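Me: Could you walk me through a few spots in this protein, one question at a time?

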Amino acid sequence: MNLTNMITAVDAHAGGEPGRVITGGVLDVPGSTMFEKMKHLEQHGDDLRKRMLREPRGYPALCCNVLLPPTHPDADAGFVIMEQVEYPPMSGTNTICVVTVLLETGMLPMQEPVTELTLEAPAGLIRIRADVANGKVTGVTFENVAAFAVHLDAPVEVPHLGTVTVDVAWGGMFYVIADAPSLGLSLTPDEGHDIARISEMIKAAAREQLPVVHPDNPEIVDVTIAQLSGPPSHTNAHRKNAVTVSTGELDWDRPATWTGVLDRSPCGTGTCAKMAVMYAKGQLGLHQDFHHEGVLGTIFTGQLIKETTVGPYAAVIPTLRGQA
């Protein structure tokens, strides 16, 4: 049997959200930073993303990560995140999956009870603490890039919905965040179709009416993902959310194109964006655990550890803990 262009990968999930990790078959791609490597794949090697995420090898809810040599001397490994319609600069669930695969496959050395390492994501360096027992990763805590709110309680006009009040924040991606109860939603799995449809409509309106650019990287523009937020169902959670990952481009004249799938997890970068909004509104302080529930009832624990600034914005450094 003659196999060419063979890719090896390990499938994992964090909090219910699937994250495939390519462990072999892609040695490296051009770029002096991980962001440049991401842009090279997007512009010149997008067949890899489609090969791994589209049927028959993939499915709409799947994310994928390709491990690459780091460009920063402080990093132990680099990775580029691939989703159905974009290359996010950062993803919490994918980070947790990548750490777990790197350690449990032996690609990086594992030390019990704690392994510390640094990953280079397109968004920047991500410091990791992995709790380890009997050769398994039992928990991953990472220090994310700085998170900040850009728009607070901003009205957007959404066709078919009317005026919707939203927040826009960066947590590794630019999120538009809206209140679920005001839209008649309680964020349960049976509402999946309505959550995805409404979220995509709000995201499209926010992209048109609330432009955003990352101050440190002008190539990172626009809201690309939506989060609906509501009261928790779990007694140990502070808030509940549903994030919709786009699977197509919305066209107002063609409602059938309003496509997206729910993030099965509580969403790592979405949790960081939500914490930044809550901090800006005086609803969450530093060094307070924030238990964020996803649509399946799984929970990520976030915390804001210090203040900083990003361009003109007051920002916070978040950490997030989960398991893959």
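**A buried acid and a pocket**

Reply: Happy to! This is a predicted model, where local features need pLDDT of at least 70, side-chain atom pairs count only at pLDDT 80 or more, and totals for chains, interfaces and linings use all residues. Residues are numbered from 1 along each chain as its sequence is written, and side-chain values use heavy atoms, with hydrogens and water left out.

Me: Which residues does Glu-120 touch, not counting residues up to four places away in sequence?

Reply: Contact here means heavy atoms within 4.5 Å. Glu-120 itself lies in strand 5 (residues 114–121), strands being DSSP runs of E, at least two residues, and helices runs of H or I, at least four, numbered from the N terminus. With that cut-off, Glu-120 touches Thr-33, Met-34, Pro-70, Thr-71, His-72, Ala-75, Ala-77, Gly-78, Phe-79 and Leu-125.

Me: With which side chain does the side chain of Glu-120 make a polar contact?

Reply: A polar contact is a pair of N or O atoms within 3.5 Å; within protein, one must be able to donate a hydrogen and the other to accept it, and residues adjacent in sequence count only if both atoms are side-chain atoms. At 2.6 Å, the partner of Glu-120 is Thr-71.

Me: Which helix 1 residues are buried?

Reply: Buried means under 20% relative accessible area (1.4 Å probe, protein chains only). The buried residues of helix 1 pack against helix 2 (46–53), strand 3 (63–68), strand 4 (77–82), strand 5 and strand 12. They are Met-34, Phe-35, Lys-37, Met-38, Lys-39 and Leu-41.

How values were computed
Buried < 20%, exposed > 50% of the residue type's maximum accessible area, 1.4 Å probe, protein only.
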